[in-house]
Amino acid sequence: MQYENVQIAIEHGIATLVISREKALNALNRQTLSELEHFFGEYGPEIEHLKGVIITGAGEKAFVAGADITEFSGLSATEGQALAQRGQDIFFLIERFHRPVIAAVNGFALGGGCELAMACHLRIAGEKARFGQPEVNLGLIPGYGGTQRLIQYIGKTKAMELLLTADLIGAEEALRLGLVNYVVTAGEEITKAKELLEKIATKAPFAVSKIMETVNAYFEDGEDGFEREVSAFGECCGTEDFIEGATAFVEKRKANFTGK
Ligand code: CO8
């Protein structure tokens with residue numbers, strides 16, 4: 001696929017995706033969604049020795065300022081539903097990706113941008129980052145999972161308030177509420193994200209993917225997370241990395257995981 005709006009750089013096993021529509025504050029239009037869909041559905045899963053993925057926005061002002069509002073005009077109920085479904089399906093690809101995905105939030109993360117960050121496994125906010133779900137200002141509600149994931153991260157009380165008022169919050173408030181993992185100096189978001197991915201890359205890759213799967217299962221309808229934990233635990237026991245991890249502990253050395 002020809003990527004137009006998502007710039008991809010792969011360095012030392014880390015793929016950095018830059019949403020690059022700076023003039024529209026990196027708003028997610030249909031093309032950008034297709035590119036994310038292709039990366040997380042087709043290209044990304046095939047990259048060998050991938051440690052993880054970082055998503056950020058081009059420029060200093062915005063991570064992603066939402067879905068592209070210029071594509072909304074004249075949207076019928078059926079078309080709106082289809083677009084929301086498509087966005088949700090793509091964001092599930094991110095949430096269920098086999099390697100950790102970190103949002104490096106360098107500015108406005110609004111509407112679909114906040115939803116994109118929330119679909120990632122971890123979030124680093126630059127000190128100028130601003131988060132919010134302002135859809136109600138447009139006569140809309142979030143459509144890419146915002147009503148559900150915001151509750152998962154910050155609880156119903158504050159989520160309800162932010163969704164109803166369209167208020168934006170800054171990085172420190174996002175940290176206090178549990179929406180982001182770290183706040184860093186502006187410009188240091190990617191460095192911090194890389195540091196975390198390098199740390200996670202020293203762990204057994206299969207166990208890492210099973211942790212993400214099992215944690216996500218807590219929020220999935222019809223899933224029993226405890227059952228999933230038992231079966232994932234068993235799967236880990238069948239790996240060479242488990243033997244290596246346990247042996248390395250006994251031999252008092254660092255484990256050398258191979259992903260097998
Ligand atoms: N879509 C398209 N263009 C945008 C968007 C957007 N979401 N946000 C900003 N832009 C454009 C502006 O139109 C402007 O373009 P131009 O220079 O051609 O006029 C340019 O980016 C710069 O923006 P501003 O001049 O407005 O910059 P300010 O610094 O004054 O303001 C803000 C920055 C506060 C971020 C402001 O741009 C803003 O409020 N943007 C819209 C934020 C928003 O409402 N986001 C939610 C969108 S809805 C959504 O995401 C729903 C997701 C689910 C969809 C489900 C499918 C139907």
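This report covers the domains, helix α5, the salt bridges and three glutamates of a predicted model.

Residues are numbered from 1 along each chain as its sequence is written, and side-chain values use heavy atoms, with hydrogens and water left out. Because the model is predicted, local features need pLDDT of at least 70 and side-chain atom pairs count only at pLDDT 80 or more, while totals for chains, interfaces and linings use all residues.

## Domains

The domain assignment of the protein chain gives domain 1 (6–200) and domain 2 (205–250). Such bounds come from an automatic or database domain assignment. The domain centres, taken over C-alpha atoms, are separated by 26 Å. Contact (heavy atoms within 4.5 Å) links 9 residues of domain 1 with 7 residues of domain 2. The two domains bury about 650 Å² between them, 59% of it on carbon and sulfur atoms. Buried area is the accessible area (1.4 Å probe) that two parts lose on being put together, summed over both.

The rule finds 1 salt bridge across this interface. A salt bridge is a side-chain nitrogen of Lys or Arg within 4 Å of a carboxyl oxygen of Asp or Glu.

## Helix α5

Helices (H or I, at least four residues) and strands (E, at least two) are DSSP runs, numbered from the N terminus. Buried means under 20% relative accessible area, exposed over 50%, partly exposed in between (1.4 Å probe, protein chains only).

Helix α5 spans residues 156–165, and its buried residues are Ala159, Leu162 and Leu163. Seen down the axis of α5, these residues fall within an arc of 95°, so they line one face of the helix. The arc is that of the directions from the helix axis to the C-beta atoms. Their cover includes α4 (146–154) and β9 (169–170). Thr157 and Leu164 are exposed, on the face turned away from the buried side. Just after α5, Ala166 takes a positive phi of about 65°.

## Salt bridges

Side chains of opposite charge can pair when their charged atoms come close. The structure holds 16 salt bridges. Four of them are tabulated here.

| Pair | Closest N to O |
|---|---|
| Glu161 and Lys158 | 3.1 Å |
| Glu173 and Arg176 | 2.9 Å |
| Lys210 and Glu213 | 3.2 Å |
| Glu220 and Arg96 | 3.8 Å |

Glu161 and Lys158 are 3 residues apart in helix α5, so about one helical turn separates them. Glu161 is partly exposed at 34% relative accessible area.

Glu173 and Arg176 lie in helix α6 (residues 171–177), 3 residues and about one turn apart. Glu173 is partly exposed at 24%. Arg176 is exposed at 61%.

Lys210 and Glu213 lie in helix α8 (residues 205–217), again 3 residues and about one turn apart. Lys210 is buried at 12%. Glu213 is partly exposed at 34%. Salt bridges that share partners join Lys210, Glu213, Glu223, Arg228 and Glu235 into one network.

## Three glutamates

Glu189 is in helix α7 (residues 189–201). At 7% relative accessibility, Glu189 counts as buried. Its C-alpha atom and that of Val105 are 6.9 Å apart, with the two positions 84 residues apart along the chain. Beyond four places in sequence, the residues touched by Glu189 include Ala104, Ile124 and Val184.

Glu37 belongs to helix α1 (residues 30–46). Glu37 is partly exposed at 33%. The C-alpha atoms of Glu37 and Ile90 are separated by 5.4 Å.

Glu244 sits in helix α10 (residues 240–250). Glu244 is buried at 16%. Leaving aside neighbours within four places in sequence, its contacts include Arg253 and Phe257.
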